[in-house]
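Hi,

Here is the structure I said I'd pass on. Have a look at it, and then read on for what turned up.

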Amino acid sequence: ASRVPWRSGRPGAMPGAEKKTRKEKAAVAAKGRAAPGVNKYMPDQSRNAHASIAASSGAQKLLKRAALLQTLLARKESAETRIRLAEIWIELNQSKYHGAARETLETCLKLDPGDAMCARRVLAPLLLSFGEHEAAAALLAQYSNDTSAVMVCCGLLLSLAEHAEAEGDEEEEESQARAESAFERLFACNWQACALLAATARGESPIPEQTVSELREARIAKLAS
C-alpha cells in the first residue's frame, strides 16, 4: 500500500510544529492579500476615505456641542449661548443648518434690539453669503452706527454686489460712487482689509479700476507714514 505522508504516526508524516508553522504563514499571506479593487502598493488611495471619516467625526462633535447648547438654552435664555450655537450651525457648512443659524441670530436681535452681544456681526456676513442683499442692507441700516470692521466690510461687499449688477451708464455711475464711498469708509476703519479686498487676480475684478488705483496709492502712503 502506498504511504500517505501527511498522516501522523506513519513514516514520512509532517511534524506537528512544521504543520502549524505552514498554517500560520498561510494565514499571514491571506491577510496580506489586497481586497478586490484595492492596490496594496498604493497606500495613499485611502486618504480620501480617512479625510471623510475625520470630517464626519468633526461634524459629530459639533452636533454634540450644539445639542448641549440647545439644552442650556432650554434652561436659561442667553444671547451668548445663541450666538455660539449659530456659529456651530455655520461651521458645519451644510445648507440644512443655514436656516437654523439665521433664525437663531434673528431671535437674538428680537430679544435684545440693542444687540449688546453683537449677533449682527455674525448675521450680516451670513446674509451676504445667502445672497440676501435686501435683508443685509436692512440690517446694516438698522445698525448704521456700528463702525466695526465686520459691518463696514459687509457694507463694502454689498455695494460691490450692487455695482456688479448695475445696468445702464447712470446706474453704474451711481453704484460706483457708493462703492468708492464704502471703500473710503473701510479704509479709515481698517486699511489692511480694504487693501486685501482690492487685490485683483488675472486683471479681473468687480471693483472700479479707479478705486483700485487710488487705494493702492493710499496704501503706499500709509505704509510710508
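Of the protein's 225 residues, 27% count as buried. Do keep in mind that this is a predicted model. The exposed surface comes to about 15400 Å², and carbon and sulfur atoms make up 52% of that.

On to the fold. You'll find 10 helices and 0 strands, so to speak an alpha-only list: reading from the N terminus, the order is α-α-α-α-α-α-α-α-α-α. As for how the chain meets itself, take the contacts between residues at least 6 apart in sequence: 49% of them link residues that are at least 24 apart.

Then there is the pocket side of things. The largest pocket has a volume of about 230 Å³. Its lining counts 13 residues, and Ala137, Leu140, Ala141, Gly155 and Arg185 are the ones closest to the centre. If you want to find the spot by helix, go to α6 (133–142) and α7 (149–165), since each of them supplies at least two residues of the lining. Which helix gives the most to the lining of the largest pocket? That is α7, with 6 residues.

What about the chemistry of that lining? The residues split into 7 nonpolar, 3 polar and 3 charged.

That's what I have for now. Shout if you'd like to go through any of it together.

Cheers

Methods
Residues are numbered from 1 along each chain as its sequence is written. This is a predicted model: local features need pLDDT of at least 70, side-chain atom pairs count only at pLDDT 80 or more; totals for chains, interfaces and linings use all residues. Side-chain values use heavy atoms; hydrogens and water are left out. Helices (H or I, at least four residues) and strands (E, at least two) are DSSP runs, numbered from the N terminus. Buried means under 20% relative accessible area, exposed over 50%, partly exposed in between (1.4 Å probe, protein chains only). Contact means heavy atoms within 4.5 Å. Accessible areas come from the Shrake-Rupley method with a 1.4 Å probe; for residues, only the protein chains shown count as cover. On a 1 Å grid over the protein atoms alone, a cavity is a set of points where a 1.4 Å probe fits but cannot get out, and a pocket is an open set with protein on both sides within 12 Å along at least five of seven lines; lining residues have an atom within 4 Å of a point. Grid points are joined across faces, edges and corners, and a volume is the space filled by probe spheres set on the points. Ala, Val, Leu, Ile, Met, Phe, Trp, Tyr, Cys and Pro count as nonpolar, Asp, Glu, Lys and Arg as charged, and the others, Gly among them, as polar.
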